Amino acid sequence: TMASEAEKTFQRFAVLGDSSSSGAEINNKNFSKLCQDCGITDGKTITSTDVDTVFNKVKAKDAGAITFQQFTEAMKELGQKRFKEKSPDQGLEDIYQLMEGKNPATTGGFYQAATGAVDRLTDTSKCTGSHEEHLDDSGKGLTGYKETTDNSGYGRGPKGADTYKKKN
C-alpha cells in the first residue's frame, strides 16, 4: 500500500543521524529534511515554516518527535495546503506518492554547497591581483617562487621604512 511505502521512507528519515532511533518516531530536523528531499516543501505553497508549524501542531506537548500516526496527520494537513483542490485523503495519497522510494539525500544540500564553495575558492580563473602569478593553471603554487620578506617592521610597502633610526 501507499502508506507502507511512505512508512518505509518515514523510517529511513527517522533514523537519519540518530543511531538510537528505532525509526518509530521522527524528529523535527529529519521531518523537515524528509519534506525537503521528497519535494513536499516547494517554497511556494509549502515553506519550511509551514513544515515546522505542522510538526509542532501534531506532536505531543513535550515530545521532540512524532510517530508515524502523527506524521500522517501532518501530511494530511500539508497535502491540503499543497493540493488545495483535492480531498484530504487524495492530498495525502499524492504526498505519499512524492515520498515513495525516497532516501535521505546526502549528496544534496549542505555537502553540495560546501563542495561548491571549495570549487569557487580554488578556481584560478576568478583570481585577481598579484597572487595570481604564484599559481600555475591548476591553482597549485609554483615552485621556485621566492617569498621576499621585509623585516623592517613596517609591514608591506614600507612607506616610512628606515625613518625611525634617522629620527633618533
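Mentor: A disulfide is a pair of cysteine sulfur atoms within 2.5 Å, and we shall need that cut-off for this predicted model.

Trainee: How do you know that Cys 38 is not bonded to the closest cysteine sulfur?

Mentor: The sulfur of Cys 38 has its closest cysteine sulfur in Cys 35, at 7.6 Å, and since a disulfide needs the two sulfur atoms within 2.5 Å, the pair is too far for a bond. Seen from the other side, Cys 35 likewise has its closest cysteine sulfur in Cys 38, at 7.6 Å, and a search of the whole structure finds zero disulfides.

Trainee: Why are Cys 35 and Cys 38 called buried?

Mentor: The cut-off for buried is a relative accessible area under 20%; Cys 35 has 0% and Cys 38 has 3%, so both residues count as buried. In the chain, which has 168 residues, 26% count as buried.

Trainee: Cys 35 lies in helix α2; what makes α2 oblique to α3?

Mentor: The axes of α2, residues 28-37, and α3, residues 48-58, come within 10 Å and cross at roughly 130°. That angle falls outside the range of 65 to 115 degrees for roughly perpendicular and is not over 145, the limit for roughly antiparallel, and therefore α2 is oblique to α3. The crossing in which α2 passes α3 is right-handed.

Trainee: Which residues of α2 and α3 meet, and how do they divide by character?

Mentor: From α2 come Asn 28, Phe 31, Ser 32 and Cys 35, which meet Val 51, Asp 52, Phe 55 and Asn 56 of α3. The residues of this contact divide into four nonpolar, three polar and one charged.

Trainee: Why, then, is α4 called roughly perpendicular to α5?

Mentor: Helix α4, residues 68-82, and helix α5, residues 88-99, have axes that come within 8 Å and cross at roughly 105°. Roughly perpendicular covers 65 to 115 degrees, and the crossing angle of roughly 105° lies in that range, so α4 is roughly perpendicular to α5. The residues of their contact divide into ten nonpolar, four polar and three charged; among those in α4 are Phe 68, Phe 71 and Met 75, and among those in α5 are Leu 92, Ile 95 and Tyr 96.

Trainee: Where do these helices stand in the order of elements along the chain?

Mentor: The chain has seven helices and two strands, and from the N terminus on its elements run α-β-α-α-β-α-α-α-α. Among contacts between residues at least 6 apart in sequence, 53% join residues at least 24 apart.

Notes
Residues numbered from 1 in each chain as written. Predicted model: local features only at pLDDT ≥ 70, side-chain atom pairs only at ≥ 80, totals over all residues. Heavy atoms only, no water. Axes fitted to C-alpha atoms, helices over the stretch in contact; angles between N-to-C directions. Helix = DSSP H or I, 4+ residues; strand = E, 2+ residues; numbered from the N terminus. Parallel < 35°, antiparallel > 145°, perpendicular 65-115°, else oblique. Left-handed = near helix turned anticlockwise from the far one by under 90°. Contact = heavy atoms within 4.5 Å. Nonpolar A, V, L, I, M, F, W, Y, C, P; charged D, E, K, R; others polar. Buried < 20%, exposed > 50% of the residue type's maximum accessible area, 1.4 Å probe, protein only.
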